[in-house]
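Subject: The structure you asked about

Hi,

Here is the structure I promised to pass on. Have a look at it first, and then read my notes underneath.

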Amino acid sequence: MTAFGHLAGGPLAADATTPANYEDLSFFGRDPWWLILVKVVAVFAFLVVTVLMAILFERKIVGYMQQRIGPNRTGPWGMLQSLADGVKLMLKEDIIPTAADKIVFILAPLISTVPAFLAIAVVPFGPANNQVSIFGHRTPLQLTDLPVGILYVLAATSIGIYGIVLAGWASGSTYPLLGGLRSTAQMISYEIAMSLSFVAVFIYAGTMSTSGIVNSQHSWWNCLPLLPSFVIYVVSMVGETNRAPFDLPEAEGELVGGFHTEYSSIKFALFFLAEYVNMVTVSSLAVLMFLGGWHAPFGLVSVWHGANSGWWPVLWYVIKLVVFMLFFFWLRATLPRLRYDQFMKLGWKVLIPASLVWLLAVAVVRTLKNQGDLDRSHLIYILGPVAAVVVIAWIVSELRYRQTSALEKAEEAAEAAKPFDPMGGGFPVPPLPGQQMPAFTPRRPRAALVGAVVEAAELEAGGDSDV
């Protein structure tokens with residue numbers, strides 16, 4: 001058991017079908033080398049096929065939401081569009097800028113892509129104690145597991161951000177460098193909130209292994225008792241993957257294309273492969289941490305006792321994963337990109353303080369429950385101050401927002417009261433609503449001006465001849 005093992009309180013003790021020790025990892029490490037290789041290839045193929053389907057369905061779903069036509073030319077119903085795009089990118093010319101650091105420039109896409117594939121190794125597709133038969137060998141539906149499996153996932157996903165940072169730095173260009181710096185700040189801001197949301201799950205489940213966390217949700221999924229952690233993680237995972245509305249490192253309106261502006265061909269494709277694989281990874285984490293992992297939906301086990309046996313858990317996992325992927329597509333189709341100051345404020349002033357307050361409440365409740373001293377009066381004493389802190393923070397934030405809005409309106413009114421100068425910025429601009437062009441005397445037509453100049457010249461010449 002981990003250091004949090006004594007906090008578990010025994011939520012699995014009532015279920016005789018689950019092992020008493022959440023971290024019973026004896027099911028792993030028994031496979032022959034060829035079966036491990038088969039599972040590695042299967043997991044890799046699952047990720048690649050999922051990415052190809054995600055790219056296609058994202059374009060189709062976003063097109064449907066925005067009332068336009070999506071891919072419909074390549075293959076039946078456009079189903080081969082993702083494959084055609086991949087082949088096209090591989091056949092395009094690979095350009096390396098003259099000012100780029102060539103070695104780092106080439107390695108950056110690999111550094112970003114490889115860790116994205118590593119994280120899926122500890123994701124359970126089924127229960128470890130209910131093994132399936134593959135070529136006559138009984139094996140769990142999971143490549144491997146660790147006592148600190150979630151920390152391994154966080155470490156792998158954190159390494160991937162170095163590829164983006166190095167890509168921006170090695171390009172030798174200003175806009176990619178700014179995109180890489182934004183990625184660094186974004187990762188730091190939202191990785192903290194994401195990790196704090198995981199700590200609440202560790203305390204509640206009593207383990208940091210992925211299979212143990214899923215086993216602990218046999219009665220209730222963690223998204224119900226740990227709803228604030230679930231909400232914080234959902235917001236953080238969108239920011240962690242640089243997806244809309246948090247796709248600021250590649251904001252084409254201000255950074256041309258962001259950190260990958262100078263990339264082309266297969267290197268450019270690797271960055272987007274890493275992005276979509278990371279989407280699958282963070283969605284898988286959400287499923288196993290908060291949505292019961294491979295467990296069947298609520299109520300199905302009571303009418304169908306074999307719902308969590310055999311290969312069926314893979315289906316429940318995939319369905320939950322698809323729901324989260326659709327959530328990513330929905331956000332991209334509906335929400336505009338945030339301003340950078342709004343994005344950083346959300347991470348540092350909202351998500352991280354909320355995570356700390358909620359984590360403190362979860363730790364106190366779990367400790368009291370383990371000691372057998374928890375009753376409704378304790379919940380009132382614990383949740384009351386938490387609710388008071390949330391209400392006070394909301395009131396302060398609302399007052400500051402109204403004060404800022406009042407100041408902005410006053411500044412806008414003062415600006416509107418000033419006389420409009422169409423050449424104030426050095427070049428002519430049209431008036432905004434509420435502004436009026438200043439009165440001016442129209443200049444004489446060009447023909448009249450030329451005639452006046454000629455007439456003045458003739459008069460001057462005539463005056464000289466008289467003299």
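Below is what I found, starting with the salt bridges and ending with a patch on the surface.

Keep in mind that this is a predicted model, in which local features need pLDDT of at least 70 and side-chain atom pairs count only at pLDDT 80 or more, while totals for chains, interfaces and linings use all residues. Residues are numbered from 1 along each chain as its sequence is written, and side-chain values use heavy atoms, with hydrogens and water left out.

**Salt bridges**

The structure has 8 salt bridges (a salt bridge is a side-chain nitrogen of Lys or Arg within 4 Å of a carboxyl oxygen of Asp or Glu). One of them pairs E58 with R332, with 2.8 Å between the closest N and O atoms. E58 sits in helix α1 (residues 33-65) and R332 in helix α11 (residues 312-334), so this pair ties together parts that are 274 residues apart in sequence. (Helices are DSSP runs of H or I with at least four residues, and strands are runs of E with at least two, numbered from the N terminus.)

How covered are these two? E58 is buried, at 1% relative accessibility, whereas R332 is partly exposed at 43%. Here buried means under 20% relative accessible area, exposed means over 50%, and partly exposed is in between (1.4 Å probe, protein chains only). E58 and R332 also belong to a network of salt bridges that links them with R243 and E275.

Next, D85 and R59 form a salt bridge, again with closest N and O atoms 2.8 Å apart. D85 is in helix α2 (residues 81-91) and R59 in helix α1, so the pair joins parts 26 residues apart in sequence. R59 is partly exposed, at 36%.

**The surface patch**

Now for something without charges: V49, M53, F57, W77, M79, L80, L83, V87, M90, L91 and I266 make up a nonpolar patch on the surface, with about 1,100 Å² of accessible area together. Patches are built from residues with over 30% relative accessible area and no salt bridge; like charges are joined within 9 Å, and nonpolar side chains (Val, Leu, Ile, Met, Phe, Trp, Tyr) within 5 Å. The areas come from the Shrake-Rupley method with a 1.4 Å probe, and for residues only the protein chains shown count as cover.

Which elements give two or more residues to the patch? They are α1 and α2, and α2 has the largest share, with 4 residues. V87 is in helix α2 and is partly exposed, at 38% relative accessibility.

Cheers
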